[in-house]
Amino acid sequence: MVLDKNRYYITLQSGTTVAEIRDEKGSSTYDFEVEATDVEVGMLRDLLNNCVHGDFMMWMHGHTLWSDMPDRDNDEYDDNLRAIYQFIYQHGTSKTKQDLEQMGVLKTLGLDRNELRPL
């Protein structure tokens, strides 16, 4: 069974703590345009939720004296952020891919463009 891909419009603000995935362009601005199945977009929503949770945990650990927890939280957050941009690049339209390349996101996040082929 092949699932249909739909176009989605992604807005990321302040990293990923405020994110929006819309299935209609509407009059609002957006950052990226992707083509994905409903299941794939569900996976992206999970990644975005993980970043919100990670951001909260980093804030919590920043206000306590736990020893190595903030480092692990930062690493987890970075991994989620990498996965989000990897998803956006893999499922992005040609304009989205070009925008990410021009922004230097792939290089900054340590992603290899040749490995970021669509799934």
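**Close-up views of the predicted model**

Six salt bridges are counted when a side-chain nitrogen of Lys or Arg must lie within 4 Å of a carboxyl oxygen of Asp or Glu. The model shown in every panel is predicted, and the legends below treat its salt bridges, its nonpolar core and selected single residues.

**Figure 1. Overview of the protein chain, with 4 helices and 3 strands.** Read from the N terminus, the elements follow the order β-β-β-α-α-α-α. The protein chain holds 119 residues, of which 37% are buried. Among contacts between residues at least 6 apart in sequence, 61% join residues at least 24 apart. The exposed area of the protein chain is about 7800 Å², and carbon and sulfur atoms supply 49% of this area.

**Figure 2. Salt bridge between the side chains of Arg7 and Glu33.** The N to O distance in this pair is 2.4 Å. Arg7 belongs to strand E1 and Glu33 to strand E3, so the salt bridge ties together parts that lie 26 residues apart in sequence. Arg7 is partly exposed, because its relative accessible area is 35%. Glu33, in contrast, has a relative accessibility of 12% and therefore counts as buried. The pair does not stand alone: Arg7, Glu33 and Glu35 are linked in a network of salt bridges.

**Figure 3. Salt bridges within helices H2 and H3.** In helix H2, the side chains of Arg82 and Asp79 meet in a salt bridge with an N to O distance of 3.0 Å. Arg82 and Asp79 are 3 residues apart, about one turn of the helix. Arg82 is partly exposed, with a relative accessible area of 28%, and Asp79 is likewise partly exposed, at 46% relative accessibility. In the second pair, Asp99 forms a salt bridge with Lys95, and the closest N and O atoms are 2.9 Å apart. Asp99 and Lys95 are 4 residues apart in helix H3, so about one helical turn separates them. Lys95 is exposed, because its relative accessible area is 53%, a value over the 50% cut-off for exposed residues.

**Figure 4. The largest nonpolar core, a group of 24 residues.** In soluble globular proteins, nonpolar side chains tend to be buried together. In this core, Ile10, Leu12, Ile84, Tyr85 and Ile88 touch the most other members. Strand E1 (6–13), strand E3 (32–36), helix H1 (38–62), helix H2 (69–91) and helix H4 (105–108) each supply at least two of the core residues. Helix H2 gives the most, with 7 residues.

**Figure 5. Surroundings of Tyr85.** Which residues does Tyr85 contact, leaving aside its neighbours within four places in sequence? Its partners are Leu12, Phe32, Leu100, Val105 and Leu109. Of these partners, Leu12 is also listed, together with Tyr85, among the core residues that touch the most other members.

**Figure 6. Thr96, a residue of helix H3 (residues 94–103).** Is Thr96 buried or exposed? Thr96 is buried, because its relative accessible area is 3%, which falls under the 20% cut-off. A polar atom of the Thr96 side chain lies 2.8 Å from the backbone oxygen of Glu33. When neighbours within four places in sequence are left aside, the contacts of Thr96 are Phe32, Glu33 and Ile88. Glu33 thus appears in two views, here through its backbone oxygen and in Figure 2 through its side chain.

**Figure 7. A nonpolar surface patch made by Leu3, Val39 and Met43.** The area of the patch is about 270 Å². Leu3 lies in the segment before E1. With a relative accessibility of 41%, Leu3 counts as partly exposed.

**Figure 8. Thr29, in the loop between strand E2 (18–22) and E3.** Thr29 counts as exposed, because its relative accessibility is 67%. In sequence, Thr29 and Thr11 are 18 residues apart, and their C-alpha atoms are separated by 7.7 Å in space. Apart from neighbours within four places in sequence, Thr29 is in contact with Thr11 and Arg22.

Methods: Residues numbered from 1 in each chain as written. Predicted model: local features only at pLDDT ≥ 70, side-chain atom pairs only at ≥ 80, totals over all residues. Heavy atoms only, no water. Core = buried A, V, L, I, M, F, W, Y, C linked by side-chain atoms within 4.5 Å. Buried < 20%, exposed > 50% of the residue type's maximum accessible area, 1.4 Å probe, protein only. Contact = heavy atoms within 4.5 Å. Areas by Shrake-Rupley, 256 points an atom, 1.4 Å probe, with all protein chains shown as cover. Patch = residues over 30% accessible without salt bridge, like charges linked within 9 Å, V, L, I, M, F, W, Y side chains within 5 Å. Polar contact = N/O pair within 3.5 Å; in protein donor to acceptor, adjacent residues only side chain to side chain.
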